[in-house]
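Me: Please take me slowly through one part of this structure and then through what lies around it. I'm new to it, so spell out the terms as you go.

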Amino acid sequence: MRILLFGGFLGSGKTTTILQIAKYITENKHETVALIENEIGEAGIDDKLLADSGLQVKPLFGGCVCCQITSDLITAVREINETIKPDWLIIEMTGVAIPGNIAKLINEYCNFYTGLKTITIVDMARWPELKEMLEPLVTSQLEKTDFVIINKVDIAGADREEIINDIKGFVSDVPIKVASAANQLPLAVIEEVIDFA
Ligand SMILES: Nc1nc2c(ncn2[C@@H]2O[C@H](COP(=O)(O)OP(=O)(O)OP(=O)(O)O)[C@@H](O)[C@H]2O)c(=O)[nH]1
Ligand SMILES: [Mg+2]
């Protein structure tokens, strides 16, 4: 079972991205995907997206995937590994989780996986505002991750290059893609996210 852990601040585009990746894996690779969703039902947005996706989704718990209740996450990951046994497990974290920290815990307590990758989604349209208000959270989400998608380039302002460069300054030596998930992620980006070679 390979695990993809998606992080990034509230509303950055995690669900939009995850649905495309899950669809690609099931339709193009013909492999199975299980999904752990944070905060399902709370905003109502994810329920609708998931209902429209045509994917079979089983919400496992309604809590948030953050440090305080990580034991629930660990339990859910173990249960999925033992019962559903999917080829892939995709986890959407809450907007306040730090992907690298959650990955460390999964590494420690669920090391039966065959691959683990963290992907951080950044809303570039809100980056200056979020960085000002929520540093170090939003920068930690970038520093401790294996892959970065700088999202919502379609609504970024004229200062987009400046913002992209600022974001890149917080990312260590991992792939960074600029995209607009709402307008379909390029297949090359999806393929790179799920590439464990
Ligand atoms: N303009 C634009 N909007 C986007 C893009 N990607 C996602 N959105 C919109 O942003 C909003 C939030 O997207 P989600 O995918 O639900 O984001 P999320 O990170 O899962 O949100 P939470 O789970 O609430 O933290 C939705 O209204 C999306 O349609 C994008 O590339 N461009
Ligand atoms: Mg979501």
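Reply: Let's start with the central sheet, at a single pair of residues: Arg2 has Gly115 in strand E4 as its bridge partner. That link belongs to the pairing of strand E1 (residues 2-7) with E4 (residues 115-123), which is parallel and runs over six bridges. Keep in mind that this is a predicted model: local features need pLDDT of at least 70 and side-chain atom pairs count only at pLDDT 80 or more, while totals for chains, interfaces and linings use all residues. Residues are numbered from 1 along each chain as its sequence is written, and chains are lettered from A and ligands numbered from 1 in the order in which they are written.

A few words on the vocabulary. Strands (E, at least two residues) and helices (H or I, at least four) are DSSP runs, numbered from the N terminus. Two strands count as paired if DSSP finds at least two bridges between them. The hydrogen bonds that pair strands in a sheet come from the backbone, in a parallel or antiparallel arrangement.

Now follow E1 over to E3: these two also pair in the parallel sense, over five bridges, with Leu4 opposite Ile90 in E3. E3 in turn pairs with E2, again parallel, over four bridges, and there Val33 has Trp88 as its bridge partner. Put together, six strands make an open, parallel sheet in the order E2-E3-E1-E4-E5-E6. E2 (33-36) and E6 (176-178) are the edge strands, each pairing on one side only. From one strand to the next, the twist averages 20 degrees.

What packs on this sheet? Helix H1 does, touching E1, E2, E3 (88-92), E4 and E5 (147-151), and its direction makes about 170 degrees with that of E3. Such angles run from 0 to 180 degrees between N-to-C directions, with axes fitted to C-alpha atoms, for helices over the stretch in contact; contact means C-beta atoms, placed from the backbone, within 7 Å. Helix H4 (residues 99-109) lies across E1 and E4, at about 165 degrees to E4. Leu105 sits in H4 and is partly exposed because 15 other C-beta atoms lie within 10 Å. For that scale, 20 or more such atoms within 10 Å make a residue buried, 12 or fewer make it exposed, and anything in between is partly exposed, with C-beta atoms placed from the backbone.

How does E3 fare on that scale? Five of its five residues are buried. Trp88, Ile90 and Glu92 point one way from E3, while Leu89 and Ile91 point the other.

Some of these names come back in the largest nonpolar core, which has 47 residues; Leu5, Phe6, Ala22, Leu89, Ile90, Ile91 and Val122 have the most contacts inside it. A nonpolar core here is a set of buried Ala, Val, Leu, Ile, Met, Phe, Trp, Tyr and Cys residues joined through C-beta atoms within 7 Å. H1 gives the most to this core, with five residues. Take Phe6 as an example: beyond its neighbours within four places in sequence, its contacts include Lys14, Ile18, Ile90, Ile91 and Ile121.

Finally, zoom out: along the sequence, the chain has eight helices and six strands, and 36% of its 197 residues are buried.

Notes
Two residues are in contact if their C-beta atoms, placed from the backbone, lie within 7 Å.
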